[in-house]
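Please open the structure in your viewer and keep the selection tool at hand. The tour proceeds in short stops, each with something to select and a description of what is found there.

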Amino acid sequence: MIRPFLTPAPEADTLRGAIAAAIPTLETERLILRAPRLSDYEVLEPIWRTDRAVYIGGPFNEEDAWLDFCQAVASWVLRGIGYWVVTLKNGTVLGFVGIGAETSDPELEFGWLLTAEAEGHGYATEAARTVHGYAFGTLGLKTLISFVERGNAASIRLAQRLGAVEDPAVLSGEDAEHAIAFRHSKGAVQ
């Protein structure tokens with residue numbers, strides 16, 4: 001839960017708006033991928049705090065969930081890439097899709113996290129294809145990796161729909177027992 005007294009002061013709105021405006025907005029037939037907002041966290045928090053988080057190392061406690069959200073948002077400032085909030089065109093928040101890097105990642109990671117209500121409608125595929133095109137087109141990236149837990153059938157199918165192929169050389173030991181590294185490349189989207 002976001003505590004109202006911790007929200008930015010009105011004087012910070014100009015700076016916050018300028019930072020958000022620097023993050024590109026991507027649009028599809030049904031979706032808008034936009035800069036994260038503080039208010040998005042209340043909708044997205046269950047991704048980290050409930051059993052939905054089992055495939056991303058959770059469920060997390062309140063502090064760790066908030067820190068993971070902040071890490072994804074901060075990536076825009078620190079790396080010039082990050083996670084977009086995925087919304088329907090009516091503004092309904094559906095999840096997060098983007099490019100990031102945690103401290104232990106060997107290279108840039110392409111990931112997606114959707115709310116329970118957003119699953120089964122093709123939103124993740126639609127948003128991920130758009131980010132894939134941006135990454136390999138606009139940014140000129142050569143490759144990306146998605147780390148998917150072995151039991152996460154929906155994410156495995158999505159990685160495959162995006163044309164990604166397993167890359168067993170990326171993970172080793174215990175990491176390889178629990179996850180699959182999928183390599184994405186330009187033009188691979190199906």
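Is Leu 15 buried or exposed? Select Leu 15 in this predicted model. Its relative accessible area is 57%, and a residue counts as exposed over 50%, so Leu 15 is exposed. Leu 15 belongs to helix 1.

**Stop 1: a nonpolar patch on the surface**

Keep Leu 15 selected and add Ile 19, Val 77 and Leu 78. These four residues make a nonpolar surface patch of about 450 Å². Helix 1, residues 13-22, and helix 3 each contribute at least two residues to the patch.

**Stop 2: a loop residue**

Next, select Ile 81, in the loop that lies between helix 3 and strand 3. Is Ile 81 buried or exposed? Its relative accessible area is 9%, and buried means under 20%, so Ile 81 is buried. Now display its surroundings. Apart from neighbours within four places in sequence, Ile 81 is in contact with Ser 75, Trp 76, Ile 99, Gly 100, Leu 108 and Leu 139. Gly 100 is 19 residues away from Ile 81 in sequence, while their C-alpha atoms are 6.7 Å apart.

**Stop 3: the nonpolar cores**

In soluble globular proteins, nonpolar side chains tend to be buried together. How many residues does the largest nonpolar core have in this model? It has 34 residues. Select Leu 31, Leu 33, Trp 84, Val 97, Phe 110, Trp 112 and Val 131, the residues with the most contacts inside this core. Among the elements that give two or more residues to the core are strand 2 (31-34), strand 3 (83-88), strand 4 (93-100), strand 5 (109-114) and helix 4 (123-138). Helix 4 gives the largest share, eight residues.

Trp 84 is a suitable residue on which to centre the view. Leaving out residues up to four places away in sequence, Trp 84 touches twelve named below in part: among them are Ile 23, Pro 24, Leu 33, Arg 34, Trp 76, Val 97, Val 131 and Tyr 134. A second, separate core of 14 residues includes Tyr 41, Trp 48, Tyr 83 and Val 93.

**Stop 4: aromatic rings**

How many aromatic pairs does a search of the whole structure find? It finds 11. Select Phe 69 and Phe 96, which form a stacked pair with ring centres 5.6 Å apart and 5° between the planes. Phe 69 is in helix 3 (residues 62-79) and Phe 96 is in strand 4, so the pair ties together parts that are 27 residues apart in sequence. Both Phe 69 and Phe 96 are buried.

Keep Phe 96 and add Tyr 83. Their ring centres are 5.6 Å apart and their planes meet at 35°, so this pair is tilted. Tyr 83 lies in strand 3 and Phe 96 in strand 4, so the two rings tie together parts 13 residues apart in sequence. Tyr 83, like Phe 96, is buried. To see the whole group, select Tyr 41, Trp 48, Trp 66, Phe 69, Tyr 83 and Phe 96, a cluster linked by ring pairs.

**Stop 5: salt bridges**

The structure holds seven salt bridges. Begin with Arg 34 and Asp 40, whose closest N and O atoms are 2.8 Å apart. Both Arg 34 and Asp 40 are buried.

Move next to Glu 119 and Arg 52, a salt bridge with its closest N and O atoms 2.7 Å apart. This pair links distant parts of the chain, 67 residues apart: Glu 119 is in the loop between strand 5 and helix 4, and Arg 52 is in the loop between helix 2 (40-49) and helix 3. Glu 119 is partly exposed, at 45% relative accessible area, and Arg 52 is partly exposed at 31%.

Finally, select Asp 167 and Arg 183, which form a salt bridge with the closest N and O atoms 2.8 Å apart. Asp 167 lies in the loop between strand 7 (165-166) and helix 6 (173-178), and Arg 183 lies in strand 8, so the pair ties together parts that are 16 residues apart in sequence. Asp 167 is buried, with a relative accessible area of 17%. Add Glu 107 to the selection: Glu 107, Asp 167 and Arg 183 are linked in a network of salt bridges.

Definitions and conventions. Residues are numbered from 1 along each chain as its sequence is written. This is a predicted model: local features need pLDDT of at least 70, side-chain atom pairs count only at pLDDT 80 or more; totals for chains, interfaces and linings use all residues. Side-chain values use heavy atoms; hydrogens and water are left out. A nonpolar core is a set of buried Ala, Val, Leu, Ile, Met, Phe, Trp, Tyr and Cys residues joined through side-chain atoms within 4.5 Å. Buried means under 20% relative accessible area, exposed over 50%, partly exposed in between (1.4 Å probe, protein chains only). Helices (H or I, at least four residues) and strands (E, at least two) are DSSP runs, numbered from the N terminus. Contact means heavy atoms within 4.5 Å. Rings of Phe, Tyr and Trp (its six-membered ring) pair if their centres lie within 6.5 Å; planes under 30 degrees apart count as stacked, over 60 as edge-to-face and the rest as tilted. Patches are made of residues with over 30% relative accessible area and no salt bridge: like charges are joined within 9 Å, nonpolar side chains (Val, Leu, Ile, Met, Phe, Trp, Tyr) within 5 Å. Accessible areas come from the Shrake-Rupley method with a 1.4 Å probe; for residues, only the protein chains shown count as cover. A salt bridge is a side-chain nitrogen of Lys or Arg within 4 Å of a carboxyl oxygen of Asp or Glu.
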